[in-house]
Amino acid sequence: MQHGLTIGTRGSPLALYQAHLVQRLLAETSGRPAQDFPVRILKTSGDRLKGHLRDFGGKGLFTKELEEALMSGDIDIAVHSMKDVPTVGQESLEISAILPREDPRDAFISKKYAKLDDLPEGALVGSASIRRRAQLSAMRPDIQYCLLRGNVGTRLQKLSDEVCDATFLACAGLKRLEQEDAITEAISTERMLPAPAQGAIGIEIRKSDEAAKGLIRPLNCKASELCITAERAFLRALDGSCRTPIAALAVWDGKLMNFKGEVVAKDGSARFGNEDTAAVSNSIEAYDLGYGLGQTVRKAAGQHIDWDE
Ligand SMILES: NCc1[nH]cc(CCC(=O)O)c1CC(=O)O
């Protein structure tokens with residue numbers, strides 16, 4: 001193949017890190033120079049918005065422009081945080097590889113309190129994530145919330161400026177950006193089940209682009225692919241809107257997949273979860289496990305949850 005492949009990404013520090021990681025991996029596996037995989041930065045609607053993302057419709061805010069650039073041929077490869085990718089995709093595109101997953105846990109971050117349990121009555125937590133708010137409200141109905149958006153650096157600065165007592169971020173992003181020191185406490189997944197696909201990077205291409213497929217497929221991590229497939233199937237069975245607090249985590253040991261998923265009322269007043277362990281050897285079985293549990297949880301939650309569709 002003569003031509004290089006252009007990698008499209010958002011411009012946030014985390015997105016850029018992830019795009020350059022893919023560039024480096026492609027250069028390594030193909031034996032070609034990194035310049036053959038130039039990185040192009042695109043602004044997405046999610047980068048332009050302030051306030052609650054759900055007020056803008058939620059779906060695909062961080063991925064829509066990248067997918068349009070893929071379809072028009074402006075870029076050949078889109079690098080995404082899989083957590084931000086809608087479960088229903090474009091017909092002409094496909095996620096060809098999932099990189100080995102980083103730590104899926106949520107991080108509690110505070111300058112004043114050493115751990116989540118030290119937060120005093122009525123503490124103010126800055127978070128725009130409806131899932132984290134709902135899960136925390138279920139444990140601690142006294143906690144108050146304010147919005148805290150922006151990239152990792154901005155949020156840490158706002159914490160130093162004492163606009164709130166604490167916040168939450170994905171451990172994965174902090175670790176990738178070598179800001180692990182900012183993690184005050186990594187919250188166990190037993191206490192706070194992560195967002196579906198948290199910590200996973202996915203690489204999207206045009207289905208018809210065989211050259212790109214040949215280069216990208218070797219980067220796929222089977223365990224991560226199966227887990228992310230199951231978690232996204234759970235999400236798809238429940239809701240695609242991004243406006244209902246949904247969490248899921250799959251762990252695969254090469255034979256068995258353990259799957260936990262839940263949906264939580266926005267104010268934390270109700271939560272419906274399910275767990276199962278089953279033999280899984282391919283993505284169809286992974287999908288079926290996640291989707292089936294999603295349907296069960298949806299039935300159990302029924303009218304008790306505001307689905308906001
Ligand atoms: N919605 C923003 C977003 N998308 C992916 C990550 C973190 C990295 C990851 O989960 O892979 C974040 C920020 C956060 O939740 O801390």
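Helices α8 and α9 are roughly parallel to each other, a label for angles under 35 degrees. The axes of α8 (residues 222-238) and α9 (residues 283-301) come within 7 Å and cross at roughly 30°. Axes are lines fitted to C-alpha atoms, for helices over the stretch in contact, with angles from 0 to 180 degrees between N-to-C directions. Helices (H or I, at least four residues) and strands (E, at least two) are DSSP runs, numbered from the N terminus.

The model is predicted: local features need pLDDT of at least 70 and side-chain atom pairs pLDDT 80 or more, while totals for chains, interfaces and linings use all residues. Residues are numbered from 1 along each chain as its sequence is written.

The chain is divided into domain 1 (1-99 + 200-220), domain 2 (106-186) and domain 3 (221-301), with bounds from an automatic or database domain assignment. The C-alpha centres of domains 2 and 3 lie 25 Å apart. In contact (C-beta atoms, placed from the backbone, within 7 Å) are 7 residues of domain 2 and 10 of domain 3.

The ligand is surrounded by S81, K83, D84, L169, A170, A172, G173, Q198 and G199, each with its C-beta atom, placed from the backbone, within 6 Å. Both domain 1 and domain 2 give residues to this shell, so the ligand lies between them. β8 (166-170) and α6 (171-176) each supply at least two shell residues.

| Residue group | Nonpolar | Polar | Charged |
|---|---|---|---|
| Contact of α8 with α9 | 12 residues | 5 residues | 4 residues |
| Shell around the ligand | 3 residues | 4 residues | 2 residues |

Ala, Val, Leu, Ile, Met, Phe, Trp, Tyr, Cys and Pro count as nonpolar, Asp, Glu, Lys and Arg as charged, and the others, Gly among them, as polar.

How values were computed. Parallel < 35°, antiparallel > 145°, perpendicular 65-115°, else oblique. Contact = placed C-beta atoms within 7 Å.
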